[in-house]
Structure formats: C-alpha cells, structure tokens
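Reader: I should like to learn how the packing of helices and the empty space inside a protein are read from a model. May we take one feature at a time?

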Amino acid sequence: MRKGIALLFTVALLPAQSDHKVTKSDIERWMTELSNWGRWGKDDQLGTLNLITPAKRREAAALVKEGYSISMAHNVLMEKAVDNEGPFMHTMLPRTGGFTMDNYNVSFHGMGQTHLDALCHASYEGKMYNGVPVDQITAEGCLKNSVLPIKQGILTRGVIIDIPRLKGVDYLEPGQPIYPEDLLAWEKQTGVKVSSGDAVFVRSGRWAYRAAKGPNAAFPGLYASCARWLHDRGVAVLGGDADPEVIPSQVEGFPSPIHVMTLVAMGLPLFDECDLEDLAREAAKRKRWVFMFTAAPIAVPGGTGAPINPIATY
C-alpha cells in the first residue's frame with residue numbers, strides 16, 4: 001500500500017505531458033475555454049484590467065514602505081540589430097527662439113522598445129477581444145479595444161517571477177521555454193501566490209544575455225501551456241523582458257499563441273521588452289517579490305499600444 005501511495009505521489013509531481021507538447025488544436029480549444037468575452041459586458045474594452053478593483057489598488061499602495069521606485073523600461077535601442085529591425089529614431093530640430101526641440105519616430109511593436117500591447121493589437125479568425133470584428137480597424141486606427149481606454153493608467157500589485165534565479169543561472173538561453181511548473185515552483189520557493197488583479201512580470205534574463213553574448217533572434221519566455229495558469233490566477237497584466245512568450249513558439253502552425261490567447265481570448269494587456277534586471281536585483285536584496293506597479297500610456301485615439309515606462313515602487 002505504501003509503495004502504491006508513493007508511486008501516486010511521484011506521478012502527481014510530474015508535469016503533465018500536455019504542458020510540454022501543445023498543438024494548434026489545443027490552442028483552438030483554449031481560445032474558447034479561457035475566453036473572457038462577455039464577462040464584463042458586451043461593450044467592455046478593459047478586459048482583465050477590470051480585475052484591478054479599488055480594494056486591489058489600496059492593497060498595492062499599502063506595499064509602499066520605502067518610497068523607492070525602479071523603472072522597468074530598457075533604454076531604447078537606437079542601432080539596427082537582429083532583434084531591432086525598426087530602430088527608434090531621434091532627430092534634433094533647429095533651435096527656434098532659444099528653445100531646443102527634437103522629433104521621435106518609432107515603430108514600437110518590436111523587440112527594441114519597452115511597450116504596451118493594447119487589446120486591438122491581435123486578432124483571431126477575424127475577431128478581436130470581446131468579439132469585435134477586425135473591420136473596426138480603419139486607416140484612422142482601432143475604433144474599439146485601442147490603448148485609449150487605458151489612459152487612466154494602471155495601479156496594482158506587481159509580482160516579479162525570476163526564472164533564472166529559480167534555476168540558479170544568470171539568464172535563460174534563447175528559445176528556452178518556461179512551463180507552468182516553473183511558475184508554480186517560484187510561488188513555492190518565495191511563498192508568493194499570484195492572485196486576481198496582479199501585474200505579473202516574468203524575468204527570463206533576456207537583457208543580461210544580450211549584454212553578455214549579443215543580440216539574438218530567438219528569446220526565452222512562457223510556453224503556450226502557461227495560458228491556463230494566467231487565466232486561473234486572474235492575472236490582470238502580463239510583462240516580460242522580451243515578448244512574454246518563447247520565440248519561436250514551439251507550437252506548429254501557431255507562431256504567437258500567448259499573444260493571441262491573452263489579448264484576444266482573455267483581454268489581458270501585455271508589456272513587452274521590459275528591462276527587469278534592476279528590479280530583480282532590488283527584489284532579491286529585499287527578498288520582496290511584490291511591489292506597487294504603476295504605468296500610464298500616452299492617450300492615442302485608435303492606437304494599438306504605446307511605448308511605456310512601467311514603474312515598480314517599494
């Protein structure tokens with residue numbers, strides 16, 4: 001009997017095979033199973049930001065003990081590289097009447113600038129979040145699910161999940177997936193359980209790798225099977241130091257499953273290309289993995305997102 005119990009316990013600890021081998025048909029099914037369409041009304045454009053309640057904001061504000069803030073934005077990449085095909089362009093303009101002025105030109109949906117993905121950034125089978133058809137995207141911008149509904153800003157509890165620290169390395173390797181059991185192991189190690197309304201930032205060490213070995217076109221990140229964990233935990237915001245998901249996706253026929261399942265099915269906005277190195281060091285120094293998170297995008301009517309400077313405050 002004891003042997004049988006031990007065997008069952010051992011099997012229970014093993015990761016489910018489906019967690020490591022997701023197919024396109026799995027994702028097609030999850031697009032329905034993990035959907036938040038209609039959850040907050042047929043006209044909702046905030047998605048999982050609805051999970052950030054006044055009580056959640058008060059909880060987040062109460063985390064501030066030192067008044068010490070840390071930026072999670074990487075300095076924009078100005079040079080063209082394999083991970084920065086559309087560099088940020090900064091041009092100085094002629095001085096006029098004693099004033100110095102300049103011009104910014106950026107295509108921010110890339111791997112070189114920290115930015116927010118609004119819900120209209122992705123679609124699936126002709127629909128955006130909450131069933132909005134893609135014909136609601138015009139030459140003037142997105143008529144629904146744009147960045148504009150987020151202009152009041154985001155304030156909630158932030159959680160950093162430092163996977164390289166969990167695994168005892170400086171950074172993950174390009175294309176290395178992060179599985180649900182890794183997220184669970186971090187919760188167990190730190191004693192911090194992600195809860196409804198949290199902003200979760202998953203460090204893979206992308207910027208540490210780039211500093212040590214140079215740019216790469218593959219990136220570590222969440223594997224597709226993490227989508228159910230995000231949904232079940234009630235994550236309101238997801239961020240990563242590359243795209244939050246592993247690239248290539250390792251799901252045949254589906255190149256960006258986390259983006260599609262979060263933005264389209266769940267209505268969960270993403271923060272891409274965050275720099276989590278300073279935050280990871282400060283969190284480890286304090287052994288505090290939670291903080292007050294704040295961010296507010298520029299108010300662009302119809303915009304698919306915005307360059308952004310997310311802030312963690314202890």
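Author: Let us begin with a pair of helices in this predicted model. Two packed helices are described by the angle between their axes and the distance between the axes. Here, the axes of helix α3 (residues 24-33) and helix α9 (residues 257-266) come within 10 Å and cross at roughly 20 degrees.

Reader: How are α3 and α9 oriented to each other, roughly parallel or roughly antiparallel?

Author: Angles under 35 degrees count as roughly parallel, and α3 and α9 are therefore roughly parallel to each other. Their crossing is right-handed.

Reader: Which residues make the contact?

Author: From α3 come I27, W30 and M31, while α9 contributes P257, V260, M261, V264 and A265. By class, the contact of α3 with α9 has 8 nonpolar residues, no polar ones and no charged ones.

Reader: How many cavities of 30 Å³ or more does the structure hold?

Author: Rolling a probe the size of a water molecule over the atoms shows where empty space is left. In this structure there are 2 cavities of 30 Å³ or more. The largest cavity has a volume of about 80 Å³. Among the residues that line the largest cavity are D83, R206, R210, N216 and F219. Its lining divides into 7 nonpolar, 2 polar and 3 charged residues.

Reader: What volume has the second largest cavity, and which residues line it?

Author: The second largest cavity holds about 30 Å³ of space. Its lining includes I178, V202, S204, L222, D241 and D243. By class, this lining has 6 nonpolar, 3 polar and 2 charged residues. P220 is listed in the lining of the largest cavity and also in that of the second largest.

Methods:
Residues are numbered from 1 along each chain as its sequence is written. This is a predicted model: local features need pLDDT of at least 70, side-chain atom pairs count only at pLDDT 80 or more; totals for chains, interfaces and linings use all residues. Side-chain values use heavy atoms; hydrogens and water are left out. Axes are lines fitted to C-alpha atoms, for helices over the stretch in contact, and angles run from 0 to 180 degrees between N-to-C directions. Helices (H or I, at least four residues) and strands (E, at least two) are DSSP runs, numbered from the N terminus. Angles under 35 degrees count as roughly parallel, over 145 as roughly antiparallel, 65 to 115 as roughly perpendicular and the rest as oblique. A crossing is left-handed if the near helix is turned anticlockwise from the far one by less than a right angle, and right-handed if clockwise. Contact means heavy atoms within 4.5 Å. Ala, Val, Leu, Ile, Met, Phe, Trp, Tyr, Cys and Pro count as nonpolar, Asp, Glu, Lys and Arg as charged, and the others, Gly among them, as polar. On a 1 Å grid over the protein atoms alone, a cavity is a set of points where a 1.4 Å probe fits but cannot get out, and a pocket is an open set with protein on both sides within 12 Å along at least five of seven lines; lining residues have an atom within 4 Å of a point. Grid points are joined across faces, edges and corners, and a volume is the space filled by probe spheres set on the points.
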